[in-house]
Amino acid sequence: MTRRQKRWQGASLAALVAVAALSACGGGGDDGDDEGGGLEDPGDCVAVDLASSPEKIELMEELADDFNGSDAAELDDGCAFVRVHLKSSGLAESLLANGWDESTEGPRPVIWSPAASTWGALLNQHTGSEMADLEARQFMLSPLVIAMPRPMAEALGYPDTPIGFADILALTRDPQGWGGKGHPEWGQFRLGKTNPNFSTSGLAALIAQAYAATGKTSGLSSEDLDNPTVVQFATDVESSVVHYGDTTLTFLNNWYRADMRGNALQYVSAAAVEEKSVIDYNTGNPDGIVEPGEEAREPREQLVAIYPKEGTLYSNHPLFVLDADWVSAEEREAADLFVEYAFAAENQEKVLRYGFRPGNPDVPVGDPISEENGVNPATPETLLEVPQPAVLARLLDDWSVQRKSARVLLLIDVSGSMGDPGDPETGQTKLDLAKSAAVEALNMFKDDDEVGLWIFSTELGPEADQNILELQAPARVGDVREQLANRIRELAPVANTPLYEATEEAFRSARENYDPTRINAVVVLSDGQNQDGDGTDDGDQLDALLTSLSSSSEGQSTPVRVFPIGYGEDADQSTLRQIADATSAAAYDASDPTTIDRVLDAVISNF
């Protein structure tokens with residue numbers, strides 16, 4: 001078993017246990033980058049490093065700032081000082097279980113706050129220990145909801161008529177799409193879902209739709225999943241997916257950009273997200289983090305949170321003080337002070353301000369969890385029982401077959417700079433690392449996915465002006481996986497970087513060979529800026545490229561999404577983000593070449 005196969009297997013197990021133990025969680029805990037913040041000097045105080053999942057990073061930083069230097073931080077013989085670092089739930093669990101390299105990942109945490117306490121159950125299972133106290137209190141709550149633009153929800157009867165996955169299925173099966181609801185201009189119903197092997201919101205949605213197919217709210221069984229009606233229900237729902245992904249932020253940010261252009265109703269019709277994400281979006285902050293100088297701007301079309309009539313699942317956000325050999329008694333004492341501080345009523349009111357429901361039952365739910373922000377504090381009325389582990393495992397196995405198939409063109413930069421050092425410790429070049437990661441990434445595609453391989457650089461092939469070579473036309477991965485792997489292994493660095501030309505040609509080919517039954521996409525890996533040596537003004541070339549790409553944006557009959565990876569320090573990250581935005585996709589940053597395997601994991605999770 002390869003390293004990536006093990007990590008993929010771990011991701012599946014992570015998703016499984018993340019909802020299998022104490023409580024199921026929504027999507028936010030897996031969203032965002034896994035970068036740590038700067039290390040603040042605690043002075044003479046006891047440093048308490050806290051690893052937080054991304055969706056609450058701003059809140060945790062505020063609490064830490066308020067705590068540090070306050071009376072609450074006083075120890076008998078000193079003081080506590082909390083430093084907050086961002087780590088997505090699944091990554092943090094993997095690092096804690098398999099070895100946390102402080103030189104690359106930052107300090108090992110004393111306190112760990114994933115999206116759900118069940119990530120602690122996974123950690124304990126993987127380590128054979130009780131590193132995470134599963135009795136830890138839930139810091140805050142947020143239910144999984146179906147987010148939908150208000151006009152679309154109203155066309156389904158919102159707010160008077162309960163809506164659920166059965167209604168989504170009916171829209172998916174209707175050949176008229178939204179025309180059956182009196183709005184043919186909205187086209188077919190399009191669903192946004194995250195990959196359940198990576199995202200807990202994706203897994204929660206998978207559980208909810210399985211229950212919807214059975215009519216149950218508890219006791220989901222393997223026999224239920226064998227029912228042909230349940231199988232067809234799942235397959236039909238998945239057929240409406242525009243693409244999957246490792247993060248709900250892709251959908252929310254693209255939705256917001258489409259809204260700013262006045263066509264939010266043409267991107268996706270609905271997406272499974274946390275309630276908190278709907279509040280953030282409607283207050284003009286779709287990614288949940290206000291950057292310095294950023295001004296929140298409310299969307300033209302508000303999203304509303306639909307609490308599935310069949311039932312839903314909650315996320316909780318524990319504060320685990322880890323029972324680990326690197327946590328001293330003094331650090332544990334300091335950490336316990338912060339935990340008590342976080343659960344104080346006045347601080348639980350801060351939880352509300354960030355769009356979460358307080359974990360302290362003595363603090364009532366209030367603004368901004370209100371109808372004017374598109375959510376309903378009186379719901380959810382029905383909570384679903386988390387299935388048994390064996391049933392969850394079946395759900396994930398079945399999804400790998402039932403999910404919408406993909407047609408992906410891999411476009412790899414083989415310019416001369418790809419021969420530069422990538423990992424000084426091993427002596428591998430950037431291209432060496434990229435080839436290894438790409439070969440392993442092929443194992444993440446299912447056999448029915450179609451994958452092709454193009455390379456680009458100047459001076460390719462026998463013709464002097466040949467900048468692009470097709471090494472493998474898109475074909476079923478099950479038929480060509482080893483052939484693809486061998487072609488990737490043979491790649492060598494050549495000359496310059498005709499990024500714009502190669503991207504446009506790959507995009508054009510994907511459009512011409514579009515398959516409406518599949519997720520159609522191009523993955524571009526580039527380590528530099530556009531350099532083709534033809535004397536054309538780069539600005540004009542880029543404008544032309546973006547204009548061409550935008551023709552595949554929301555509402556088009558042949559939507560192809562381009563997912564760029566900026567590889568190495570010299571990659572043109574800004575331009576690659578513009579390319580992704582033009583096709584309502586997402587750009588990925590692999591500035592550190594040694595992270596390319598992890599980045600490719602995230603990219604392939606879209607398919």
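Helix α8 passes helix α10 in a right-handed crossing. The model in which this crossing is seen is a predicted one. Elsewhere in the chain, 6 strands form an open sheet, and helices α18 and α20 lie against that sheet. The points below treat the helix pair, the sheet, the helices on the sheet, and one residue of strand β17, S526.

**The pair α8 and α10**

- Helix α8 covers residues 200-214 and helix α10 covers residues 228-238; their axes come within 9 Å and cross at roughly 135 degrees.
- Because of that angle, α8 is classed as oblique to α10.
- On the α8 side, the residues in contact are L206, Q209, A212, A213 and T214, while α10 contributes V230, F233, A234, V237 and E238.
- By chemical type, the residues of this contact divide into 7 nonpolar, 2 polar and 1 charged.

**The order of the sheet**

- The strands of the open sheet follow the order β16-β15-β12-β17-β18-β19, and their pairing is mixed.
- At the edges stand β16 (468-476) and β19 (588-590), each of which pairs on one side only.
- On average, neighbouring strands are turned by 15 degrees against each other, direction ignored.
- Strands β12 and β15 pair in the parallel sense, over 7 bridges.
- Strands β15 and β16, in contrast, pair in the antiparallel sense, over 6 bridges.
- Strand β17 (residues 519-526) pairs with strand β18 (residues 561-567) in the parallel sense, and this pairing has 6 bridges.

**Strand β15 within the sheet**

- Strand β15 is mostly covered, with 7 of its 7 residues buried.
- The cover extends to both faces of β15: E450, G452, W454 and F456 are buried on one side, and V451, L453 and I455 are buried on the other.
- Residue L453 of β15 illustrates the links to both neighbouring strands: L410 stands opposite L453, and the bridge partner of L453 in β16 is Q472.

**Helices on the sheet**

- Helix α18 (residues 499-512) lies across five strands, β12 (406-413), β15 (450-456), β16, β17 and β18.
- The direction of α18 runs at about 165 degrees to β17.
- Helix α20 also packs on the sheet, where it touches β18 and β19.
- The direction of α20 makes about 165 degrees with that of β18.
- Within α20 (residues 573-582), the buried residues are Q573, T575, L576, I579, A580 and A582.
- Just after α20, S584 takes a positive phi of about 55 degrees.

**Residue S526**

- S526 has its place in strand β17, and its bridge partner in β18 is G566.
- Is S526 buried or exposed? Its relative accessible area is 0%, so S526 counts as buried.
- Leaving aside residues up to four places away in sequence, S526 touches D413, F456, T497, L499, I565, G566, Y567 and A571.
- The C-alpha atom of S526 is separated by 8.2 Å from that of V414, although these two residues are 112 residues apart along the chain.

Key:
Residues numbered from 1 in each chain as written. Predicted model: local features only at pLDDT ≥ 70, side-chain atom pairs only at ≥ 80, totals over all residues. Heavy atoms only, no water. Buried < 20%, exposed > 50% of the residue type's maximum accessible area, 1.4 Å probe, protein only. Helix = DSSP H or I, 4+ residues; strand = E, 2+ residues; numbered from the N terminus. Pairing = 2+ DSSP bridges. Axes fitted to C-alpha atoms, helices over the stretch in contact; angles between N-to-C directions. Contact = heavy atoms within 4.5 Å. Parallel < 35°, antiparallel > 145°, perpendicular 65-115°, else oblique. Left-handed = near helix turned anticlockwise from the far one by under 90°. Nonpolar A, V, L, I, M, F, W, Y, C, P; charged D, E, K, R; others polar.
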